[in-house]
There are 2 protein chains.
Amino acid sequence: MKDKKDLIPRKAVYRLSLYNRCLEHMADKNGATVSSEALAKIAGVKPTQLRKDLAYCGPIGKRGLGYDITALRQRLTETLGTTRLQPVVLIGAGNLGSALLQYEEGFAKEGFEITAAFDLHPKKRASRKGVPILPMAQLAKFIAVRGIKMAILCVPGFTAQEVCNLLVASGIQAILNFSPILLQIPPGVAVNNVNLAMELENLSYFIQ
Amino acid sequence: MKDKKDLIPRKAVYRLSLYNRCLEHMADKNGATVSSEALAKIAGVKPTQLRKDLAYCGPIGKRGLGYDITALRQRLTETLGTTRLQPVVLIGAGNLGSALLQYEEGFAKEGFEITAAFDLHPKKRASRKGVPILPMAQLAKFIAVRGIKMAILCVPGFTAQEVCNLLVASGIQAILNFSPILLQIPPGVAVNNVNLAMELENLSYFIQ
């Protein structure tokens, strides 16, 4: 984990991801450039915000000439740390976990490799896309031996905190949490929450 | 769509969802109650915040007696509008779309029914869980005839805005957007964004 003082603010990291994705669709031509105004418009932010965010990646671009698209993408990818394939474990191969295993190609395209899934009842679960489904008892050792730092958590809410504690004790530093609870975590561990049902429920309210 | 002046703020709606989920695990006993302090602690908010949010649902609970769990759950469900099964269409049955169709049971449990999926190449896609995969040309009529108000958007970024325009023109009022772009929408349409790759990339930065 980085020293906290060196960290780019979390919302700025999201926006750097967003800029990188906006650039993907422009990067066809060699030597092509984009102005901060044009990129900011596509990303839906103000040009001052964009320039401030890009400053976190070190000096890049020349005043009046815009950004070289290829060079900017490379700098963003380096800053975000997705230049190498990042190994990930997935915990809980039920409905949602198994759906996410099905999406394994999507994760791989973005630089993440689901190395294994873990489940209380691995024999009941169908392996998908060749990802092995292992018993929970093997989780701690697997994480330690492979030096894995990131986990996708898809277990039911009532057991999520217990599994989270095990992940943190095993050396996991970042959790993408699909379980419908707010996890209690120690400092130095990052959690992002995705709750599909709550997102749907939220939209549902607005169309009554 | 509700009048804007009558709307509960979007973040409060999220918290009402959260309280409802916290209560699920308490609702075993008949006539059981919970104090605002206890519920706030589980939900990870301040008691004053909880009481302010619950006030949006009308008068409920008696001072000093706590909330009747069953009655509070019912009130929250009514307020959120998830008492009836809400029909949803899913657009784009590629990697992620097909994974989400696989999760159909999870959506159903939360009150949402994926009535059909639509794709540019429906014959190339395998139907899952009995949800039909139909050609895009049938989308507008299907939405109009069934009065569907909500869509899950899983198409590639480069075509997402075009599909979004078609959805809005067909009467869709709420979109759960998994496509990696910020959609431009007219007033009166609600969009929630879920970008799995960006969530992972964000976490990835913090563990470099």
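Which residue of chain B comes closest to the rotation axis? Some notes on that and the rest follow.

1. First, a caution: this is a predicted model. Keep that in mind while you look around.

2. On to the opening question. Ala99(B) is the residue of chain B that comes closest to the rotation axis, with its C-alpha at 2.2 Å. As for the axis itself, chain B lands on chain A after a rotation of 180 degrees with 0.0 Å of shift along the axis, and the RMSD is 0.0 Å. That is the relation of a two-fold axis. Both copies use the same surface, too: 100% of the contact residues of chain B recur in chain A.

3. Now the contact between the chains. Chain B puts in 50 residues and chain A puts in 50 residues. On the side of chain B that touches chain A, the elements giving two or more residues include α1, α5 (95-102), α6 (104-109) and α8 (157-169) of chain B. Strands β7 (174-177) and β8 (190-193) of chain B are also among them, as is α9 (196-206) of chain B. The largest share comes from α9(B), with eleven residues. Sort that side of chain B by class and you get 26 nonpolar, 16 polar and eight charged residues.

4. Have a look at chain A by itself next. It is divided into domain 1 (4-80) and domain 2 (86-203). The C-alpha centres of these two domains of chain A lie 30 Å apart.

5. There is a sheet to find in chain A. It is open, has six strands with parallel pairing, and follows the order β5-β4-β3-β6-β7-β8. At the edges sit β5 (133-135) and β8 (190-193) of chain A, each pairing on one side only. On average, neighbouring strands are turned by 25 degrees against each other, direction ignored.

6. Zoom in on one pair in that sheet. Strands β3 (residues 86-91) and β6 (residues 150-153) of chain A run parallel and are joined by four bridges. Here Ile91(A) stands opposite Leu153(A) in β6(A). Helix α8 (residues 157-170) of chain A packs on the sheet and touches β3, β6 and β7 (174-177) of chain A; its direction makes about 170 degrees with that of β6(A).

7. Last stop, a helix pair in chain B. Helices α1 (residues 10-24) and α4 (residues 69-80) of chain B pack at an angle of about 145 degrees, with their axes 10 Å apart. The crossing of α1(B) past α4(B) is left-handed. Residues meeting here include Leu16(B) and Leu23(B) from α1(B), and Leu72(B), Arg73(B) and Leu76(B) from α4(B). By class, the residues of this contact of α1(B) with α4(B) are seven nonpolar, four polar and one charged.

Terms used: Residues are numbered from 1 along each chain as its sequence is written. Chains are lettered from A and ligands numbered from 1 in the order in which they are written. This is a predicted model: local features need pLDDT of at least 70, side-chain atom pairs count only at pLDDT 80 or more; totals for chains, interfaces and linings use all residues. Axes are lines fitted to C-alpha atoms, for helices over the stretch in contact, and angles run from 0 to 180 degrees between N-to-C directions. A crossing is left-handed if the near helix is turned anticlockwise from the far one by less than a right angle, and right-handed if clockwise. Two residues are in contact if their C-beta atoms, placed from the backbone, lie within 7 Å. Ala, Val, Leu, Ile, Met, Phe, Trp, Tyr, Cys and Pro count as nonpolar, Asp, Glu, Lys and Arg as charged, and the others, Gly among them, as polar. Domain bounds come from an automatic or database domain assignment. Copies are superposed by least squares on the C-alpha atoms of residues with pLDDT of at least 70 in both. Two strands pair if DSSP finds at least two bridges between them.
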